[in-house]
Amino acid sequence: MELGILGPLVVSRDGRPIEVRGERQRALLAALTLRAGTVVPFDRLVDEVFGDEPPRDARNALQTYMARLRQALGADGVLTRPPGYLLDLPPDAVDATRFGALIARAAERGVAAGDRLALLEEALGLWRGPALAEFGFPYAQAEAARLTELWLSAREERAAALLDLGDTASAAADLEALTVAEPWRERAVLLLVTALARAGRTPEALAACARHRDRLREDLGLDPSPELRALHQRVLRGELAQAPLTGGARRGPRVPARPTSFIGRDEESRMLRKSLAQERLITLVGPGGVGKTRLAEHACRATWWADLAPLPPGADPDAVVRAVAEAAGLTQQPGGTIADALYGWAAAAEGTLVLDNCEHVLASSAAVAERLLTTRSALRVVATSRERLGLPGERVIDVPPLREDQAVELFRDRVPLAGYAPEPQSLRTIELICRALDHLPLAIELAAARIGTLTADDLAARLDARFSLLRRGHGEDRHRTLDAVVCWSFDMLGPAEQRLFLRLSVFASAFDLSAAETVAVDDAPDGAADPCLVPRERVADLMARLVDRSMLTRPGDAGVGRYRMLETLRAYAAARLAPEEARRIRRRHAEMMARFAERAERGLTGRDELDWVRAIDERMDDLRAAWTWARDAADADLMVRLAAALARYGYWRVRTDILGWGSAVVEAAATDAAVAGHPRIARAYAAAAGAAYVDGRLDRALELARRGVEAGGGDDSPRAATALEALSDVMLVRGDLDAALAASSAQTRLAGDDPVERAIGMGNQALAHSYAGDDAAAHALAVAAADLAARSGNPTAICFTRFTEGEVLADLRPGDADAALVEAEDVATRVGNPFVACLALSARVALRGRHGPPAPATELFREAILRWRRLGNRTLLVTALRNLVPLLARTARDHEAAALAATLGRAAPAEPYGAEAGRMTQALDAVRARLTEAELSRATRAGASRTLEEAADHVIALLGGTRSAPR
């Protein structure tokens, strides 16, 4: 929380204004603010709030005002501490305290004139009007007088600092205004006379002396002080009219004062301030629109500001010299050059010079900065650029996009609607907008400015057209549109850099150097010397240049570097890539991703499965982009290869979006012979069957699995193995155990010497035997499968076969079964296999629901159902819910057990069978015995009216509070 009394009383929390209404309530807050951090006695507050005529019930009235104040500020703001109240805030939460601290720092010995000026200007900038003018109680009036005197003294000190820096014009202008408003302040008069005399305006300096002398004699009957008389004589002798040969050193053209708050960048600000204390040249580097200028303005207390943006690209050093000299207030002297004036000034300058927007005049900026810093002066230079200057001793600070929380805060702050308070759903949309805009401050500010004419949802849906949508109606040309900012960077690239940059837009996520060398190169003929070409041997150098120019993110300093293009830059480049070239480069990209997917497919069955899972996750955006291009281009080979290679990944990770690629391939196969006849089409059918299975469409899953087996050459062909596994899964759920056993046996046979495929097939056989009641055969197969999986070292094979062991032993040896299921869940979780993790948890829940105390089982049931809801697997959600019915009956939640059974009877994709069906029947028999006919009828109607998902959410809330699952 922050409070302001240097002007009308204002309060804010986390940058958001808080309105405090009512004269008495505001007086109460002012009285507490003036003594923030100390206890204010109750009687004193009554005197200051009500004055000489307090009401009869003053104590009650004050308590009422205090309650309202706490409601506005938050209960943690004002504390009750005998004998009164305490405003519990750190000292710097009040602007008057910060003002005093800045003034004190400026007065410390050894502070350079430039830093002193910056501190004083920051302090004076806190004032918004007369302090405490609205409050009449004596303490407020006394404090207002004290603060006003400090304010006037600070204005005088600022003028003195300007004089020390040689900026006589600015000093004289400020002092003339001050002496008109405060004619009796002798120090202001002394400084004004000095400033006028140093500027060569001797007659005006003498006239100022005479005015003050006459006013003293006529109005007060006093003579001028010895100091004023001595200064008058020095002016008459011309001792002060000795302007520096190089002209005044003042604040030159600055970025206009910002009407908006500065948000985020705490770490970068600290880094910049620390670097300024240790280094003489610091360069802020980052992409266009990331906020380098704003950071420099906020953090470095610049004494001189030179904006180089107006210079033409490639301008020579003389142009930069003139721009910097103008910023320093220098003029060319007779017999010398403007460069002589600038470098002579630098030898004595104290303070910080900002060279803003150096990227288009990089070499010239570097040359001038190097020359400025060859002196032993106290001058420091901060440059902002999209590329480092490349000078010895340069400290480079990368300015990244904002963090997500900072980006959202910036968006909310820049919305032009008063009192804008988005609902939670709108906040999530704003997060998506900020993410899509790479958390770039400029893009976020432009987007936020559209709220009011567009909703957040409207804006989010149209960000594909960001370059036409995100514009300003006024301001600097270069920052008026997002398009202009990116064009500014692109136009400074060389021809080969531009070509590579455009081609790299085909990458949707991070990529390494090898990938760029594969996708974005030109097949240059021998001896070709075209500077626009991008042969393989030039890619590394060109990539390094793009990184230096902030067109790509930095790859890190160890291992295989991963580069990334900001989405805003990627969208710009993709739009500029010529259609024919785009088709050629995108095909290369899709082919490369298909090869990667096939390598990953093999890697997922090895010991390093987790590494391959992470590799796929890292490249998922690129895999998706490759699939989309292949589908849109009707490239049969790439479509089938991508869908087939990621079928197992999609199944075990319950990624219906990836399994859906198989569905699209199956649809294309109906009309495209090239798709239908592809060697890997059977695996695409298996993926499509998996998508239908997860969605609970078991009839469709069965049809697709059978067609996959047929397309793969039948149950004697190795190509049909994955489709046979899908067929086995569907048959297990449907209760056709003979067919499930036949399919899994065929899969195991076709696996040959592959230990992972054999272990999974044997595990499915064990499940079929177990659900059919053949415990001996099931146990033998489960143990053999687990042993084979352990020897393979593949985590998914290990966790799946341990799950099968737990299922087989569930009602034979519950303790051993629980241990196997715990291990299965642990391994599956560690390798990122949510399918098996949830299977194991569900089995463990059902086991404990039957054989253990009900309370722990109830909590586990809630977790299992919540996980299946999150994963979206409707088929196995049904299994978890069926196993819950007996536990509900066991704990006498009869109404809920009957309702859930009714939901399952109407909405489940398959009927229960075997032991599961027996447990359901037994539980419902007990429920019917305890409920009346009317109660049972009500429960059944309630359950029959719910969807499967509604029933799941209902029991999640029932078992553990009111939180429901995300959809």
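Student: Which residue in β2 does G4 stand opposite?
Tutor: In this predicted model, G4 stands opposite V10 in β2.

Student: Why are β1 and β2 called paired strands?
Tutor: Strand β1, residues 2-4, is joined to strand β2, residues 10-13, by 3 bridges, and because pairing requires at least two bridges found by DSSP, the 3 bridges between β1 and β2 satisfy the criterion. The two strands run antiparallel, and they form a hairpin with 5 residues between them. In the turn, G7 has a positive phi of about 130°.

Student: What makes β2 and β3 a pair as well?
Tutor: Here too there are 3 bridges, joining β2 to strand β3, residues 16-18, in an antiparallel arrangement, so the requirement of at least two bridges is met. Within this pairing, V11 stands opposite I18 in β3.

Student: What volume does the largest cavity have, and why does it count among the cavities of 30 Å³ or more?
Tutor: Its volume is about 110 Å³, and the count of cavities of 30 Å³ or more comes to 5. The space is called a cavity because a 1.4 Å probe fits there but cannot get out.

Student: Which residues line the largest cavity, and which element gives the largest share?
Tutor: The lining consists of A647, R648, Y651, A686, A687, G690, T722, E725, A726 and D729. Two or more of these residues come from each of α30 (647-652), α33 (681-694) and α35 (721-734), with the largest share, 4 residues, coming from α35.

Student: How does the lining of the largest cavity divide into nonpolar, polar and charged residues?
Tutor: The division is 5 nonpolar, 2 polar and 3 charged; G690 is in the lining and is classed as polar because Gly is placed in that group.

Notes:
Residues numbered from 1 in each chain as written. Predicted model: local features only at pLDDT ≥ 70, side-chain atom pairs only at ≥ 80, totals over all residues. Heavy atoms only, no water. 1 Å grid on protein atoms, 1.4 Å probe; cavity = no way out; pocket = protein on both sides within 12 Å on 5 of 7 lines; lining within 4 Å. Points joined across faces, edges and corners; volume = space filled by probe spheres on them.
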